[in-house]
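Me: I'd like a close look at a single part of this protein. Pick one residue on one helix, then work outward through its surroundings. Keep it brisk.

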Amino acid sequence: MKKTFLSGLLFLFMTGLFAQDLKKVKSYLEAKQLDKAKTEVDAYNEKNPNNPEGLYYKGKIYGSMAANEQFKSLVPDGRAVAFEAFKKAVELDKDNKLLLLMVQDQYKTIFDLYTGYYDAGITTFNTAAASKSKADFEVSMNNFIKANEIGNYIYSKKWALSEIDTPLVLNIGKGAINAGNQEQTLQSFKKLADANIYKTKDDSSGYNLPYQWLAAYYRDAKDETNFLKYINLGKKYFPKDDYFDAVMLDYYRMKKDQPALFKAYNEIVAKYPDSLLYHFNYANEVFNYVYNSDAGTKIDNKEELLKTVGSELEVAAKLNPDYINTNWLYGQYYFNSGVGLKDKMRDIKGTKPEDVKAKADLNAQAKEYFTKAIPYTEKALSGLEAGYKKSDKSRYKSVVDLMQRIYTSLNMADKVKIYESKYDTADDKFVN
(Lines give C-alpha, C1' and ligand atoms only; values in the text may rest on other atoms or scores of the structure.)
Protein backbone atom coordinates (compact mmCIF):
# COMPACT_ATOMS: atom_id res chain seq x y z
CA MET A 1 0.00 0.00 0.00
CA LYS A 2 2.81 2.33 0.91
CA LYS A 3 4.57 1.72 -2.40
CA THR A 4 1.38 2.34 -4.33
CA PHE A 5 0.90 5.64 -2.52
CA LEU A 6 4.45 6.73 -3.33
CA SER A 7 3.93 5.86 -7.02
CA GLY A 8 0.79 7.99 -7.03
CA LEU A 9 2.71 10.90 -5.55
CA LEU A 10 5.40 10.49 -8.20
CA PHE A 11 2.76 10.47 -10.99
CA LEU A 12 1.18 13.66 -9.65
CA PHE A 13 4.62 15.27 -9.32
CA MET A 14 5.59 14.41 -12.91
CA THR A 15 2.25 15.61 -14.31
CA GLY A 16 2.69 18.86 -12.48
CA LEU A 17 6.23 19.15 -13.86
CA PHE A 18 5.03 18.61 -17.46
CA ALA A 19 2.30 21.19 -17.02
CA GLN A 20 4.86 23.60 -15.62
CA ASP A 21 7.12 22.94 -18.63
CA LEU A 22 4.26 23.79 -21.04
CA LYS A 23 3.55 26.98 -19.10
CA LYS A 24 7.16 27.97 -19.64
CA VAL A 25 6.75 27.22 -23.35
CA LYS A 26 3.74 29.53 -23.54
CA SER A 27 5.51 32.19 -21.50
CA TYR A 28 8.55 32.22 -23.77
CA LEU A 29 6.30 32.23 -26.84
CA GLU A 30 4.33 35.22 -25.61
CA ALA A 31 7.60 37.04 -24.86
CA LYS A 32 8.78 36.20 -28.41
CA GLN A 33 11.80 34.44 -26.96
CA LEU A 34 11.45 31.81 -29.63
CA ASP A 35 14.82 30.14 -29.10
CA LYS A 36 13.99 29.46 -25.46
CA ALA A 37 10.47 28.42 -26.38
CA LYS A 38 11.94 25.91 -28.84
CA THR A 39 14.26 24.44 -26.22
CA GLU A 40 11.38 24.02 -23.79
CA VAL A 41 8.91 22.58 -26.29
CA ASP A 42 11.48 20.11 -27.64
CA ALA A 43 12.21 18.91 -24.13
CA TYR A 44 8.52 18.67 -23.36
CA ASN A 45 7.72 16.68 -26.51
CA GLU A 46 10.65 14.35 -25.92
CA LYS A 47 9.04 13.38 -22.64
CA ASN A 48 5.48 13.53 -24.01
CA PRO A 49 5.73 12.54 -27.70
CA ASN A 50 1.99 11.94 -28.06
CA ASN A 51 0.62 14.93 -26.22
CA PRO A 52 -1.56 16.90 -28.69
CA GLU A 53 -1.10 20.24 -26.95
CA GLY A 54 2.66 19.89 -26.82
CA LEU A 55 2.75 19.04 -30.52
CA TYR A 56 0.44 21.94 -31.29
CA TYR A 57 2.81 24.37 -29.58
CA LYS A 58 5.74 22.79 -31.34
CA GLY A 59 4.05 23.61 -34.64
CA LYS A 60 3.31 27.12 -33.48
CA ILE A 61 6.86 27.80 -32.34
CA TYR A 62 8.66 26.23 -35.31
CA GLY A 63 6.37 28.07 -37.70
CA SER A 64 7.04 31.36 -35.92
CA MET A 65 10.77 30.78 -36.04
CA ALA A 66 10.68 29.99 -39.76
CA ALA A 67 9.04 33.37 -40.35
CA ASN A 68 11.49 35.26 -38.13
CA GLU A 69 14.77 36.56 -39.60
CA GLN A 70 16.50 36.32 -36.22
CA PHE A 71 15.61 32.71 -35.51
CA LYS A 72 14.92 30.98 -38.83
CA SER A 73 18.50 29.67 -39.13
CA LEU A 74 17.87 27.57 -35.99
CA VAL A 75 15.16 25.61 -37.84
CA PRO A 76 16.29 25.15 -41.48
CA ASP A 77 13.08 23.35 -42.45
CA GLY A 78 10.95 24.91 -39.76
CA ARG A 79 7.64 25.07 -41.63
CA ALA A 80 7.85 21.42 -42.66
CA VAL A 81 8.55 20.35 -39.06
CA ALA A 82 5.73 22.60 -37.85
CA PHE A 83 3.26 21.12 -40.33
CA GLU A 84 4.07 17.56 -39.36
CA ALA A 85 3.74 18.43 -35.66
CA PHE A 86 0.42 20.17 -36.26
CA LYS A 87 -0.99 17.23 -38.24
CA LYS A 88 0.08 14.77 -35.57
CA ALA A 89 -1.47 16.96 -32.87
CA VAL A 90 -4.82 16.98 -34.67
CA GLU A 91 -4.60 13.23 -35.32
CA LEU A 92 -3.96 12.47 -31.65
CA ASP A 93 -6.59 14.90 -30.39
CA LYS A 94 -9.31 12.26 -30.14
CA ASP A 95 -11.43 14.32 -27.75
CA ASN A 96 -11.17 17.53 -29.81
CA LYS A 97 -9.61 19.36 -26.89
CA LEU A 98 -7.45 21.37 -29.28
CA LEU A 99 -10.44 22.61 -31.23
CA LEU A 100 -11.23 25.43 -28.81
CA LEU A 101 -7.57 26.45 -28.79
CA MET A 102 -7.46 26.53 -32.60
CA VAL A 103 -10.71 28.47 -32.84
CA GLN A 104 -9.44 31.00 -30.29
CA ASP A 105 -6.27 31.21 -32.37
CA GLN A 106 -8.41 31.57 -35.54
CA TYR A 107 -6.42 28.66 -36.96
CA LYS A 108 -3.48 31.05 -37.17
CA THR A 109 -0.87 28.34 -36.61
CA ILE A 110 -1.75 26.38 -39.72
CA PHE A 111 -2.62 29.42 -41.86
CA ASP A 112 0.71 31.05 -41.04
CA LEU A 113 2.44 27.98 -42.48
CA TYR A 114 0.32 28.22 -45.64
CA THR A 115 0.92 31.95 -46.16
CA GLY A 116 4.57 31.57 -45.19
CA TYR A 117 5.24 29.11 -47.99
CA TYR A 118 3.07 31.11 -50.40
CA ASP A 119 4.90 34.37 -49.68
CA ALA A 120 8.24 32.57 -49.93
CA GLY A 121 7.16 31.26 -53.33
CA ILE A 122 6.37 34.76 -54.55
CA THR A 123 9.67 36.13 -53.22
CA THR A 124 11.76 33.35 -54.74
CA PHE A 125 9.86 33.60 -58.05
CA ASN A 126 10.74 37.29 -58.29
CA THR A 127 14.34 36.47 -57.45
CA ALA A 128 14.36 33.80 -60.15
CA ALA A 129 12.84 36.19 -62.69
CA ALA A 130 15.75 38.56 -62.06
CA SER A 131 18.45 35.88 -62.06
CA LYS A 132 16.95 33.83 -64.96
CA SER A 133 18.00 30.78 -62.96
CA LYS A 134 16.17 27.47 -63.38
CA ALA A 135 17.39 26.44 -59.94
CA ASP A 136 15.82 29.54 -58.38
CA PHE A 137 12.55 28.85 -60.19
CA GLU A 138 12.61 25.32 -58.82
CA VAL A 139 12.92 26.70 -55.29
CA SER A 140 9.91 28.91 -55.98
CA MET A 141 7.95 25.98 -57.42
CA ASN A 142 8.68 23.84 -54.35
CA ASN A 143 7.56 26.61 -51.99
CA PHE A 144 4.26 26.86 -53.88
CA ILE A 145 3.87 23.07 -53.82
CA LYS A 146 4.36 23.02 -50.05
CA ALA A 147 1.83 25.83 -49.63
CA ASN A 148 -0.62 23.83 -51.73
CA GLU A 149 -0.05 20.72 -49.63
CA ILE A 150 -0.96 22.66 -46.51
CA GLY A 151 -3.89 24.29 -48.32
CA ASN A 152 -5.23 20.88 -49.30
CA TYR A 153 -4.98 19.78 -45.68
CA ILE A 154 -6.87 22.88 -44.51
CA TYR A 155 -9.57 22.20 -47.11
CA SER A 156 -9.79 18.51 -46.13
CA LYS A 157 -10.62 19.60 -42.59
CA LYS A 158 -13.27 22.05 -43.90
CA TRP A 159 -11.62 24.93 -42.09
CA ALA A 160 -11.37 27.14 -45.18
CA LEU A 161 -10.11 27.43 -48.79
CA SER A 162 -11.39 25.46 -51.77
CA GLU A 163 -10.65 22.13 -53.39
CA ILE A 164 -8.44 23.82 -56.01
CA ASP A 165 -6.46 26.82 -54.82
CA THR A 166 -6.62 28.47 -58.23
CA PRO A 167 -3.91 31.17 -57.99
CA LEU A 168 -1.57 28.83 -56.15
CA VAL A 169 -1.86 25.98 -58.66
CA LEU A 170 -1.31 28.49 -61.47
CA ASN A 171 1.85 29.70 -59.73
CA ILE A 172 3.10 26.14 -59.34
CA GLY A 173 2.72 25.72 -63.09
CA LYS A 174 4.50 29.00 -63.83
CA GLY A 175 7.39 28.04 -61.58
CA ALA A 176 7.55 24.59 -63.15
CA ILE A 177 7.66 25.97 -66.71
CA ASN A 178 10.59 28.19 -65.89
CA ALA A 179 12.31 25.44 -63.93
CA GLY A 180 12.04 23.16 -66.95
CA ASN A 181 9.88 20.67 -65.05
CA GLN A 182 7.48 19.47 -67.73
CA GLU A 183 5.86 16.79 -65.58
CA GLN A 184 4.89 19.25 -62.84
CA THR A 185 3.72 21.82 -65.39
CA LEU A 186 1.49 19.22 -67.01
CA GLN A 187 0.05 18.14 -63.65
CA SER A 188 -0.72 21.69 -62.51
CA PHE A 189 -2.14 23.01 -65.76
CA LYS A 190 -4.30 19.91 -66.37
CA LYS A 191 -5.73 20.33 -62.89
CA LEU A 192 -6.90 23.83 -63.75
CA ALA A 193 -8.02 23.19 -67.32
CA ASP A 194 -9.80 19.92 -66.55
CA ALA A 195 -11.76 21.76 -63.87
CA ASN A 196 -12.64 24.43 -66.46
CA ILE A 197 -11.01 27.14 -64.39
CA TYR A 198 -10.26 30.21 -66.46
CA LYS A 199 -10.43 33.04 -63.94
CA THR A 200 -10.77 33.97 -60.30
CA LYS A 201 -13.83 35.84 -59.10
CA ASP A 202 -12.59 39.17 -60.41
CA ASP A 203 -9.70 38.47 -62.76
CA SER A 204 -8.87 36.21 -65.70
CA SER A 205 -5.37 37.53 -66.47
CA GLY A 206 -2.81 34.76 -66.72
CA TYR A 207 -5.34 31.94 -66.78
CA ASN A 208 -5.02 31.50 -70.53
CA LEU A 209 -1.49 30.15 -69.96
CA PRO A 210 -2.54 26.60 -68.92
CA TYR A 211 -4.68 26.21 -72.04
CA GLN A 212 -1.94 27.64 -74.26
CA TRP A 213 0.72 25.37 -72.79
CA LEU A 214 -1.43 22.25 -72.92
CA ALA A 215 -2.40 22.90 -76.55
CA ALA A 216 1.26 23.24 -77.55
CA TYR A 217 2.28 20.23 -75.44
CA TYR A 218 -0.26 17.89 -77.01
CA ARG A 219 0.36 19.29 -80.49
CA ASP A 220 4.05 18.42 -80.15
CA ALA A 221 3.14 15.03 -78.69
CA LYS A 222 0.89 14.45 -81.73
CA ASP A 223 -2.00 13.68 -79.38
CA GLU A 224 -4.79 15.05 -81.55
CA THR A 225 -7.61 14.31 -79.12
CA ASN A 226 -6.12 16.25 -76.24
CA PHE A 227 -4.76 18.96 -78.54
CA LEU A 228 -8.23 19.72 -79.88
CA LYS A 229 -9.72 19.46 -76.40
CA TYR A 230 -7.54 22.20 -74.92
CA ILE A 231 -7.53 24.34 -78.08
CA ASN A 232 -11.34 24.39 -78.07
CA LEU A 233 -11.47 25.14 -74.35
CA GLY A 234 -8.98 27.96 -74.84
CA LYS A 235 -10.99 29.45 -77.71
CA LYS A 236 -14.15 29.15 -75.63
CA TYR A 237 -12.83 30.87 -72.51
CA PHE A 238 -10.45 33.33 -74.21
CA PRO A 239 -12.13 34.28 -77.51
CA LYS A 240 -9.95 37.38 -77.89
CA ASP A 241 -6.68 35.50 -77.45
CA ASP A 242 -5.37 34.84 -80.96
CA TYR A 243 -2.79 32.35 -79.67
CA PHE A 244 -5.32 29.56 -80.10
CA ASP A 245 -6.09 30.68 -83.65
CA ALA A 246 -2.38 30.73 -84.47
CA VAL A 247 -1.82 27.24 -83.06
CA MET A 248 -4.76 25.91 -85.07
CA LEU A 249 -3.07 27.29 -88.19
CA ASP A 250 0.12 25.45 -87.22
CA TYR A 251 -1.90 22.29 -86.71
CA TYR A 252 -3.55 22.37 -90.16
CA ARG A 253 -0.26 23.38 -91.78
CA MET A 254 1.50 20.45 -90.15
CA LYS A 255 -1.22 18.11 -91.41
CA LYS A 256 -1.01 19.69 -94.87
CA ASP A 257 -4.75 20.16 -94.73
CA GLN A 258 -4.95 23.25 -96.94
CA PRO A 259 -8.77 23.47 -97.12
CA ALA A 260 -8.99 23.51 -93.33
CA LEU A 261 -6.05 25.91 -93.13
CA PHE A 262 -7.61 28.43 -95.49
CA LYS A 263 -11.00 28.09 -93.82
CA ALA A 264 -9.34 28.90 -90.49
CA TYR A 265 -7.64 31.92 -92.08
CA ASN A 266 -11.02 33.12 -93.37
CA GLU A 267 -12.37 33.02 -89.83
CA ILE A 268 -9.31 34.75 -88.39
CA VAL A 269 -9.22 37.68 -90.82
CA ALA A 270 -12.93 38.19 -90.19
CA LYS A 271 -12.24 38.14 -86.47
CA TYR A 272 -9.23 40.50 -86.73
CA PRO A 273 -10.01 42.70 -89.75
CA ASP A 274 -7.33 45.24 -88.83
CA SER A 275 -4.51 42.73 -88.48
CA LEU A 276 -1.89 43.36 -91.16
CA LEU A 277 -0.06 40.20 -90.15
CA TYR A 278 -3.04 37.87 -90.60
CA HIS A 279 -4.09 39.36 -93.94
CA PHE A 280 -0.53 39.18 -95.26
CA ASN A 281 0.06 35.66 -93.91
CA TYR A 282 -3.18 34.42 -95.44
CA ALA A 283 -2.14 35.79 -98.86
CA ASN A 284 1.37 34.37 -98.47
CA GLU A 285 0.13 30.89 -97.45
CA VAL A 286 -2.19 30.67 -100.45
CA PHE A 287 0.43 32.07 -102.86
CA ASN A 288 3.00 29.50 -101.76
CA TYR A 289 0.46 26.69 -101.99
CA VAL A 290 -0.44 27.64 -105.56
CA TYR A 291 3.07 28.28 -106.83
CA ASN A 292 5.45 26.37 -104.55
CA SER A 293 3.68 23.12 -103.67
CA ASP A 294 5.47 19.81 -103.99
CA ALA A 295 5.64 18.36 -107.48
CA GLY A 296 2.50 16.45 -108.35
CA THR A 297 0.21 18.45 -106.05
CA LYS A 298 -3.14 18.91 -107.75
CA ILE A 299 -4.73 22.30 -107.18
CA ASP A 300 -8.31 22.22 -108.42
CA ASN A 301 -9.42 25.73 -107.42
CA LYS A 302 -6.34 27.69 -108.47
CA GLU A 303 -8.22 30.68 -109.91
CA GLU A 304 -10.36 31.04 -106.82
CA LEU A 305 -7.32 30.82 -104.56
CA LEU A 306 -5.47 33.48 -106.56
CA LYS A 307 -8.44 35.81 -106.13
CA THR A 308 -8.03 35.30 -102.41
CA VAL A 309 -4.35 36.27 -102.68
CA GLY A 310 -5.29 39.47 -104.49
CA SER A 311 -8.07 40.46 -102.09
CA GLU A 312 -5.96 39.80 -99.00
CA LEU A 313 -3.00 41.75 -100.40
CA GLU A 314 -5.32 44.62 -101.19
CA VAL A 315 -6.45 44.78 -97.56
CA ALA A 316 -2.88 44.41 -96.26
CA ALA A 317 -1.67 47.23 -98.54
CA LYS A 318 -4.40 49.54 -97.25
CA LEU A 319 -3.52 48.73 -93.64
CA ASN A 320 0.15 49.57 -94.22
CA PRO A 321 1.19 50.74 -97.71
CA ASP A 322 4.89 50.70 -96.74
CA TYR A 323 5.12 47.16 -95.43
CA ILE A 324 8.00 45.63 -97.41
CA ASN A 325 6.75 42.06 -97.45
CA THR A 326 3.30 43.05 -98.72
CA ASN A 327 4.78 45.06 -101.57
CA TRP A 328 7.21 42.28 -102.43
CA LEU A 329 4.46 39.65 -102.50
CA TYR A 330 2.17 41.98 -104.45
CA GLY A 331 4.92 42.31 -107.07
CA GLN A 332 5.30 38.52 -107.24
CA TYR A 333 1.53 38.10 -107.47
CA TYR A 334 1.20 40.37 -110.51
CA PHE A 335 4.36 38.98 -112.14
CA ASN A 336 3.18 35.39 -111.76
CA SER A 337 -0.23 36.36 -113.08
CA GLY A 338 1.48 37.74 -116.18
CA VAL A 339 3.59 34.61 -116.56
CA GLY A 340 0.46 32.48 -116.35
CA LEU A 341 -1.11 34.42 -119.20
CA LYS A 342 2.08 34.05 -121.25
CA ASP A 343 1.88 30.28 -120.73
CA LYS A 344 -1.71 30.26 -121.96
CA MET A 345 -0.65 32.29 -124.97
CA ARG A 346 2.04 29.74 -125.86
CA ASP A 347 -0.50 26.94 -125.59
CA ILE A 348 -2.42 28.41 -128.52
CA LYS A 349 -0.87 26.74 -131.56
CA GLY A 350 -3.37 27.74 -134.22
CA THR A 351 -2.90 30.45 -136.82
CA LYS A 352 -6.50 31.34 -137.46
CA PRO A 353 -7.50 35.00 -136.98
CA GLU A 354 -9.30 34.17 -133.74
CA ASP A 355 -6.19 32.37 -132.47
CA VAL A 356 -3.99 35.30 -133.36
CA LYS A 357 -6.40 37.67 -131.62
CA ALA A 358 -6.57 35.49 -128.51
CA LYS A 359 -2.79 35.40 -128.31
CA ALA A 360 -2.55 39.16 -128.75
CA ASP A 361 -5.17 39.75 -126.03
CA LEU A 362 -3.35 37.45 -123.61
CA ASN A 363 -0.05 39.14 -124.36
CA ALA A 364 -1.55 42.57 -123.70
CA GLN A 365 -3.06 41.37 -120.41
CA ALA A 366 0.27 39.82 -119.40
CA LYS A 367 2.09 43.11 -120.03
CA GLU A 368 -0.54 44.87 -117.96
CA TYR A 369 0.15 42.54 -115.05
CA PHE A 370 3.93 42.95 -115.41
CA THR A 371 3.47 46.70 -115.36
CA LYS A 372 1.27 46.50 -112.26
CA ALA A 373 4.02 44.55 -110.49
CA ILE A 374 6.59 47.34 -110.92
CA PRO A 375 5.42 49.99 -108.41
CA TYR A 376 4.97 47.43 -105.62
CA THR A 377 8.36 45.84 -106.22
CA GLU A 378 10.06 49.23 -106.41
CA LYS A 379 8.44 50.22 -103.11
CA ALA A 380 9.78 47.06 -101.50
CA LEU A 381 13.26 47.90 -102.80
CA SER A 382 13.07 51.45 -101.49
CA GLY A 383 12.22 50.17 -98.05
CA LEU A 384 15.17 47.78 -98.07
CA GLU A 385 17.57 50.42 -99.41
CA ALA A 386 16.61 52.83 -96.62
CA GLY A 387 19.11 51.38 -94.17
CA TYR A 388 21.18 48.90 -96.17
CA LYS A 389 21.07 46.51 -93.23
CA LYS A 390 23.19 43.41 -93.72
CA SER A 391 20.30 41.27 -92.46
CA ASP A 392 18.21 42.52 -95.41
CA LYS A 393 20.73 41.64 -98.11
CA SER A 394 19.28 38.28 -99.11
CA ARG A 395 15.76 39.68 -99.27
CA TYR A 396 17.02 42.66 -101.28
CA LYS A 397 18.69 40.41 -103.85
CA SER A 398 15.46 38.43 -104.24
CA VAL A 399 13.46 41.60 -104.89
CA VAL A 400 16.09 42.89 -107.35
CA ASP A 401 15.97 39.54 -109.14
CA LEU A 402 12.19 39.90 -109.41
CA MET A 403 12.65 43.34 -111.01
CA GLN A 404 15.05 41.84 -113.56
CA ARG A 405 12.50 39.19 -114.49
CA ILE A 406 9.71 41.75 -114.77
CA TYR A 407 11.68 43.96 -117.16
CA THR A 408 12.93 40.94 -119.10
CA SER A 409 9.31 39.94 -119.64
CA LEU A 410 8.60 43.49 -120.85
CA ASN A 411 11.60 43.34 -123.21
CA MET A 412 13.18 46.39 -121.56
CA ALA A 413 16.88 45.52 -121.71
CA ASP A 414 18.06 48.91 -120.41
CA LYS A 415 16.05 48.43 -117.23
CA VAL A 416 17.30 44.88 -116.84
CA LYS A 417 20.90 46.15 -116.82
CA ILE A 418 20.10 48.64 -114.06
CA TYR A 419 18.88 45.87 -111.79
CA GLU A 420 21.67 43.54 -112.77
CA SER A 421 24.04 46.23 -111.50
CA LYS A 422 22.06 46.58 -108.27
CA TYR A 423 22.29 42.83 -107.74
CA ASP A 424 26.04 42.75 -108.39
CA THR A 425 26.80 45.64 -106.00
CA ALA A 426 24.52 44.51 -103.19
CA ASP A 427 27.34 42.82 -101.24
CA ASP A 428 29.22 46.12 -101.08
CA LYS A 429 26.20 48.14 -99.96
CA PHE A 430 24.60 45.90 -97.37
CA VAL A 431 27.37 45.89 -94.79
CA ASN A 432 25.76 47.63 -91.79
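Reply: Start with Thr-124, which touches Asp-136, Val-139, Ser-140 and Asn-143, leaving aside residues up to four places away in sequence. Keep in mind that this is a predicted model. Thr-124 sits in helix α6. From its C-alpha atom to that of Met-141 is 8.7 Å, with the two positions 17 residues apart along the chain.

Now follow α6 itself. The helix covers residues 108-131, and its axis comes within 10 Å of the axis of α4 (residues 78-92). How do the two run relative to each other, roughly parallel or roughly antiparallel? Their axes cross at roughly 150 degrees. That is over the 145-degree cut-off, so α4 and α6 count as roughly antiparallel. The crossing is left-handed. On the α4 side, the contact uses Arg-79, Ala-80, Ala-82, Phe-83 and Phe-86. On the α6 side, it uses Thr-109, Ile-110, Leu-113, Gly-116 and Tyr-117. By class, that gives seven nonpolar residues, two polar and one charged.

α4 has another partner, α3. Helix α3 spans residues 52-66, and its axis comes within 8 Å of that of α4. Here the crossing angle is roughly 160 degrees. So α3 and α4 are also roughly antiparallel. α3 passes α4 in a left-handed crossing. From α3 come Pro-52, Leu-55, Tyr-56, Lys-58, Gly-59, Tyr-62, Gly-63 and Ala-66. They meet Gly-78, Arg-79, Val-81, Ala-82, Ala-85, Phe-86, Lys-88, Ala-89 and Leu-92 of α4. This contact has 11 nonpolar residues, three polar and three charged. Arg-79, Ala-82 and Phe-86 of α4 take part in the contact with α6 and also in the contact with α3.

Just past α4, look at Asn-96. It lies in the loop between α4 and α5 (97-104). Its phi is positive, about 55 degrees, though Asn-96 is not a glycine. Most residues other than glycine have a negative phi. Is Asn-96 buried or exposed? With a relative accessible area of 52%, Asn-96 is exposed.

Lys-222 gives a second case. It is found in the loop between α10 and α11 (224-237). Its phi is positive at about 60 degrees, and again the residue is not a glycine. Lys-222 is exposed, with a relative accessible area of 69%.

That loop leads back to α10. Helix α10 (residues 209-220) packs on α9 (residues 182-194) at an angle of about 120 degrees. Their axes are 9 Å apart. That angle makes α9 oblique to α10. α9 passes α10 in a left-handed crossing. α9 contributes Gln-182, Thr-185, Leu-186, Phe-189, Lys-190, Leu-192 and Ala-193 to the contact. α10 contributes Leu-209, Pro-210, Tyr-211, Trp-213, Leu-214, Tyr-217 and Tyr-218. The residues divide into 11 nonpolar, two polar and one charged.

Leu-214 deserves a pause. Leaving aside residues up to four places away in sequence, Leu-214 touches Leu-186, Phe-189, Lys-190, Ala-193 and Tyr-230. Which residues have the most contacts inside the largest nonpolar core? They are Leu-214 and Ile-406, in a core of 78 residues. Helix α16 (residues 324-347) gives the most to this core, with nine residues. Apart from it lies another core, of 38 residues. That one includes Tyr-56, Leu-168, Ile-172 and Ala-176. Tyr-56 is also one of the α3 residues that meet α4.

One last stop is Glu-312, in helix α15 (residues 302-319). Its relative accessible area is 9%, so Glu-312 is buried. Beyond residues up to four places away in sequence, Glu-312 touches Val-269, His-279, Tyr-282 and Ala-283. Its C-alpha atom is 36 Å from that of Asp-428, which is 116 residues away along the chain.

How values were computed: Residues numbered from 1 in each chain as written. Predicted model: local features only at pLDDT ≥ 70, side-chain atom pairs only at ≥ 80, totals over all residues. Heavy atoms only, no water. Core = buried A, V, L, I, M, F, W, Y, C linked by side-chain atoms within 4.5 Å. Buried < 20%, exposed > 50% of the residue type's maximum accessible area, 1.4 Å probe, protein only. Helix = DSSP H or I, 4+ residues; strand = E, 2+ residues; numbered from the N terminus. Contact = heavy atoms within 4.5 Å. Axes fitted to C-alpha atoms, helices over the stretch in contact; angles between N-to-C directions. Parallel < 35°, antiparallel > 145°, perpendicular 65-115°, else oblique. Left-handed = near helix turned anticlockwise from the far one by under 90°. Nonpolar A, V, L, I, M, F, W, Y, C, P; charged D, E, K, R; others polar.
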